[in-house]
Amino acid sequence: MPSVPPIKQMLETLISSPSVSSTHSELDTSNVKVVEALAEWLENAGFTIEIDQVSDRPHKVNLIACSGEEDDGLVLSGHTDTVPCDENLWDSSPFEINARDDRLYGLGTADMKSFFALVISALENINVKKLKKPLVVLATADEESTMAGAKQLLNQGNRLGKYCVIGEPTYLQPVRQHKGIFMESVTLVGRSGHSSDPALGNNALEGMYEIMRAILDYRDTLGKQYINHDFAVPYPTLNLGHIHGGDNANRICGSCELHYDLRLLPDMDLNKVRNNLREIILTISEQRNLQCSFNNLFEGTPALSTPADSTLVKLTEQLTGKPNHSVVFATEGPYFAQLGMETVVLGPGSIEVAHQPNEYIELQQIEQSIAMYQKLINKICA
């Protein structure tokens with residue numbers, strides 16, 4: 001029988017180790033302590049441990065814990081990072097486990113550090129050395145900011161397993177599809193001047209107004225062209241999220257910046273949509289003689305779509321007693337699918353409390369999750 005700590009002890013260790021990922025360097029922290037704790041517990045449970053530095057970031061690492069050398073088994077995957085938080089908005093410390101109202105509160109309880117503690121607890125009565133198919137526990141870095149950990153695995157081309165279950169919060173209901181996403185900014189530069197005479201300048205804000213109308217027209221076109229009723233919002237969405245331009249009412253606006261995001265359905269090509277948008281924007285900026293530049297706020301994640309009749313979808317439906325469904329939030333799933341793994345998202349907790357103050361996981365989901373992951377491991381690997 002493998003030696004693993006009590007689940008409460010594991011949760012306390014994971015939650016008390018900050019592992020924030022952010023594109024703002026002042027908020028970004030290392031995930032090494034979390035990975036080191038997971039590595040120790042999984043090594044004690046009989047796994048071979050590999051810790052890989054992510055690209056050129058010495059404070060960011062992936063963990064690959066393997067029970068065998070083949071790639072035809074099960075991968076249980078999660079990310080080790082959390083989003084930043086404002087401690088003043090919490091009723092208790094986000095970096096301590098606080099039990100109340102039949103819930104455990106703490107940053108990462110739902111999204112998604114608890115997943116690792118539940119998986120390791122599920123191994124208590126499983127001898128991984130005797131499994132017929134390999135079991136891999138994968139813990140990645142920077143899912144919440146750049147997905148650099150998952151992208152590195154894709155670039156390495158190591159499939160790891162035939163089936164992959166990602167423990168993001170789905171309230172223990174299998175998810176086989178989710179939308180893709182990219183976020184971008186566009187900056188227009190014209191020429192400022194005195195507002196009393198428009199000929200003295202070239203108004204970037206007016207150019208951006210025309211671009212915004214064209215972007216929304218393109219959104220309407222996409223909404224008519226692509227429909228998938230598996231999703232609660234069955235069409236692609238495009239959000240204009242931020243705009244800033246000019247500096248005073250009596251000056252012609254010399255520059256203007258717009259931020260937007262687009263959520264894509266599984267049958268949409270991310271790069272094609274992004275390029276179409278850029279062509280629309282560039283055409284208008286050239287017509288108005290405005291300088292135009294783009295910046296990837298988030299390079300993007302493709303959509304995930306695992307066939308409804310796939311082995312893993314059917315198995316997770318059987319084990320949970322719940323039908324598969326589709327969600328609008330993104331995961332690392334598309335990268336694992338590109339490696340050739342059947343991929344399903346299935347984990348405890350609710351996405352509705354993720355990224356929120358007083359994030360929690362319900363106590364009743366702990367035993368349910370442990371039992372479900374035990375059955376999943378035994379079905380595929382034993």
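**Exercise 1.** How many of the ten residues of α3 are buried, and is the helix therefore largely enclosed by the rest of the structure or not?

*Solution.* The model to be examined here is a predicted one. The first step is to go through the helix residue by residue, taking as buried a residue with under 20% relative accessible area. In α3, this criterion is met by K113, S114, F115, F116, A117, L118, V119, I120, S121 and A122. The second step is to draw the consequence: ten of the ten residues of α3 are buried, so the helix is largely enclosed by the rest of the structure.

**Exercise 2.** Determine how helix α3 and helix α9 cross, and which residues they bring into contact.

*Solution.* Two packed helices are described by the angle between their axes and the distance between the axes. For helix α3 (residues 113-122) and helix α9 (residues 363-381), the axes come within 8 Å and cross at roughly 55°. Angles from 65 to 115 degrees count as roughly perpendicular and those under 35 degrees as roughly parallel, and α3 and α9 are therefore oblique to each other. The handedness is the next item, and the crossing of α3 and α9 is right-handed. On the side of α3, the contact is made by F115, L118, V119, S121 and A122, which meet I366, S369, I370, Y373 and Q374 in α9. Sorted by character, the residues of this contact comprise seven nonpolar and three polar ones, with no charged residue.

**Exercise 3.** Characterise the ring geometry around F115, and state which residues form one aromatic cluster with it.

*Solution.* Planes over 60 degrees apart count as edge-to-face, and this cut-off is applied to each pair in turn. The rings of F115 and F116 have centres 5.3 Å apart and planes at 65°, so this pair is edge-to-face. Both F115 and F116 are buried. For F115 and Y373, the ring centres lie 5.6 Å apart with the planes at 80°, so this pair is edge-to-face as well. This second pair links distant parts of the chain, since F115 belongs to helix α3 and Y373 to helix α9, with their positions 258 residues apart. Y373 is buried, as is F115. Taken together, F115, F116 and Y373 form one aromatic cluster.

**Exercise 4.** Is Q365 of helix α9 buried or exposed, and which residues does Q365 touch?

*Solution.* Q365 lies in helix α9. Its relative accessible area is 2%, and because buried means under 20%, Q365 is buried. Leaving aside residues up to four places away in sequence, Q365 touches Y171, L172, P348 and G349.

Key: Residues numbered from 1 in each chain as written. Predicted model: local features only at pLDDT ≥ 70, side-chain atom pairs only at ≥ 80, totals over all residues. Heavy atoms only, no water. Axes fitted to C-alpha atoms, helices over the stretch in contact; angles between N-to-C directions. Helix = DSSP H or I, 4+ residues; strand = E, 2+ residues; numbered from the N terminus. Parallel < 35°, antiparallel > 145°, perpendicular 65-115°, else oblique. Left-handed = near helix turned anticlockwise from the far one by under 90°. Contact = heavy atoms within 4.5 Å. Nonpolar A, V, L, I, M, F, W, Y, C, P; charged D, E, K, R; others polar. Phe/Tyr/Trp six-rings, centres within 6.5 Å; stacked < 30°, edge-to-face > 60°. Buried < 20%, exposed > 50% of the residue type's maximum accessible area, 1.4 Å probe, protein only.
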